[in-house]
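Please open the structure in your viewer and keep the selection panel at hand. The tour proceeds by stops, each with something to select and something to find there.

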Amino acid sequence: MAHMDLNPVRAAMQRYGRAALDVLLPPQCLSCSAAVDMPGMLCAACWSRIAFITPPLCACCGIPFEVDAGPDTLCAACMAKRPRYRRARAAFAYTDESRRLVLMFKHADRLDPAPTFGRWLAQAGAVLLADADLIAPVPLHRWRLLWRRYNQSAELARALAGHGPARVVPDLLVRHRRTPSQVALNARERRRNVAGAFRVHSHHRDAVRDKTVLLIDDVLTTGATVEACARALLLAGAAAVDVLTLARVVRPQLRL
């Protein structure tokens with residue numbers, strides 16, 4: 001019997017299956033559920049309301065600038081006090097319009113946007129991904145993970161797999177101390193709240209040494225959580241820590 005190449009057949013079956021599914025369940029906008037051409041997309045109206053972050057931005061924390069002052073320019077907060085991490089980047093600004101995307105992914109059991117978010121992260125953090133040896137999510141405490149059932153930061157880290165050579169290590173960090181929610185806390189209180197709450201998993205201490213770690217989280221607000229994680233990684237011997245988040249608050253925040 002002549003050998004038959006199954007790849008074109010498999011591709012055709014996938015196309016027909018996708019078309020049949022779209023007839024039964026038409027693709028919807030990730031944010032407002034309006035009809036879109038393909039799954040994992042935003043409609044034109046929602047897309048226009050998302051403030052994607054592009055240069056110019058702070059060379060360290062990634063906060064966007066209104067005026068381009070050069071690729072190595074630092075914002076006032078980073079000039080006053082450099083964070084423990086080396087660089088941070090985010091896909092979009094955390095605004096009233098983008099909050100819906102973040103919260104439905106974080107609290108509403110909506111994991112279907114993960115591949116799309118992974119592509120946005122890969123684009124926003126292309127330089128960081130190229131330099132990374134390991135990718136690690138900000139961990140949840142085990143009791144919060146049990147209650148929530150999944151760690152949104154770990155899902156974002158997994159969505160980055162294949163976008164670069166770095167290896168994803170979901171349990172690289174452990175949150176060994178349960179901390180209250182950060183939502184109502186100011187910058188100083190957030191730092192105290194998470195101080196000493198993280199450590200490198202004992203199984204991965206050798207893997208961290210002299211490596212560049214790309215830390216993944218959903219939102220960067222004051223940076224207290226990612227700085228606490230960066231401190232734990234650097235104490236364990238990491239060469240550098242970069243941070244990549246889906247969203248970030250863009251108002252200036254001095255780290256006092």
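Begin by selecting Thr 212, which lies in strand 6 (residues 212–220), in what is a predicted model. Is Thr 212 buried or exposed? With a relative accessible area of 11%, Thr 212 is buried, because buried means under 20%. Now display its surroundings. Leaving out residues up to four places away in sequence, Thr 212 touches Arg 86, Asp 131, Ala 132, Asp 133, Leu 134, Ala 240 and Asp 242.

**The nonpolar cores**

Next, select Tyr 85, Leu 172, Phe 198, Leu 215 and Leu 233. Within the largest nonpolar core, which has 34 residues, these five touch the most other members. At least two residues of this core come from each of helix 3 (76–80), strand 2 (134–137), strand 5, strand 6, helix 11 and strand 7 (240–248). Which of these elements gives the most to the core? The answer is helix 11, with seven residues. As a general background, nonpolar side chains in soluble globular proteins tend to be buried together.

Stay with Phe 198 and show its contacts. Not counting residues up to four places away in sequence, Phe 198 touches Val 138, Pro 139, Val 174, Arg 175, His 176, Thr 225, Ala 228, Cys 229 and Ala 232. Apart from the largest core lies another, of 33 residues; Val 36, Leu 101, Val 102 and Leu 246 are among them.

**Helix 9**

Select helix 9, residues 187–194, and then highlight its buried residues: Ala 187, Arg 190, Asn 193 and Val 194. Why do they sit on the same side of helix 9? They cover an arc of only 120° around the axis, and this places them on the same side. Add strand 5 (198–200) and helix 11 (224–235) to the view, for the buried residues of helix 9 pack against both. Just after helix 9, select Gly 196, which takes a positive phi of about 70°.

**The largest pocket**

To find the next stop, select Lys 106, Gln 182, Val 183, Arg 190 and Thr 221. Of the 35 residues that line the largest pocket, these are the closest to its centre. The pocket holds about 770 Å³ of space. Arg 190 has appeared before, as one of the buried residues of helix 9.

Now colour the elements that contribute to the lining. Helix 4 (96–107), helix 7 (142–148), helix 8 (152–160), helix 9, strand 6 and helix 11 each supply at least two residues. Helix 4 gives the most, with five residues. Coloured by class, the lining of the largest pocket shows 15 nonpolar, eleven polar and nine charged residues.

**The cavity**

How many cavities of 30 Å³ or more does a search of the whole structure find? The search finds one. About 40 Å³ of space lies in the largest cavity. Select Leu 140, His 141, Arg 144, Arg 175, Arg 178 and Thr 179 to see the residues that line it. By class, this lining has one nonpolar, two polar and three charged residues. Arg 175 was met earlier among the contacts of Phe 198.

Centre the view on Arg 178, in the loop between strand 4 (173–175) and helix 9. Although Arg 178 lines the cavity, Arg 178 is exposed, with a relative accessible area of 55%. Arg 178 is in contact with His 141 and Trp 143, leaving aside neighbours within four places in sequence. The C-alpha atoms of Arg 178 and Arg 144 are separated by 8.4 Å, while the two residues are 34 residues apart along the chain.

**Backbone details in the loops**

Three final selections concern the backbone. Select Pro 55 and Pro 56, which are joined by a cis peptide bond with omega of about 10°. Pro 56 is found in the loop between helix 2 (44–49) and helix 3.

Move to Ser 33, in the loop between helix 1 (6–24) and helix 2. Ser 33 is not a glycine, yet has a positive phi of about 75°. Its relative accessible area is 41%, and Ser 33 is partly exposed.

End at Asp 210, in the loop between helix 10 (205–208) and strand 6. Asp 210 is also a residue other than glycine with a positive phi, near 65°. Is Asp 210 buried or exposed? At 60% relative accessibility, Asp 210 counts as exposed.

Key. Residues are numbered from 1 along each chain as its sequence is written. This is a predicted model: local features need pLDDT of at least 70, side-chain atom pairs count only at pLDDT 80 or more; totals for chains, interfaces and linings use all residues. Side-chain values use heavy atoms; hydrogens and water are left out. Buried means under 20% relative accessible area, exposed over 50%, partly exposed in between (1.4 Å probe, protein chains only). Helices (H or I, at least four residues) and strands (E, at least two) are DSSP runs, numbered from the N terminus. The arc is that of the directions from the helix axis to the C-beta atoms. Contact means heavy atoms within 4.5 Å. A nonpolar core is a set of buried Ala, Val, Leu, Ile, Met, Phe, Trp, Tyr and Cys residues joined through side-chain atoms within 4.5 Å. On a 1 Å grid over the protein atoms alone, a cavity is a set of points where a 1.4 Å probe fits but cannot get out, and a pocket is an open set with protein on both sides within 12 Å along at least five of seven lines; lining residues have an atom within 4 Å of a point. Grid points are joined across faces, edges and corners, and a volume is the space filled by probe spheres set on the points. Ala, Val, Leu, Ile, Met, Phe, Trp, Tyr, Cys and Pro count as nonpolar, Asp, Glu, Lys and Arg as charged, and the others, Gly among them, as polar.
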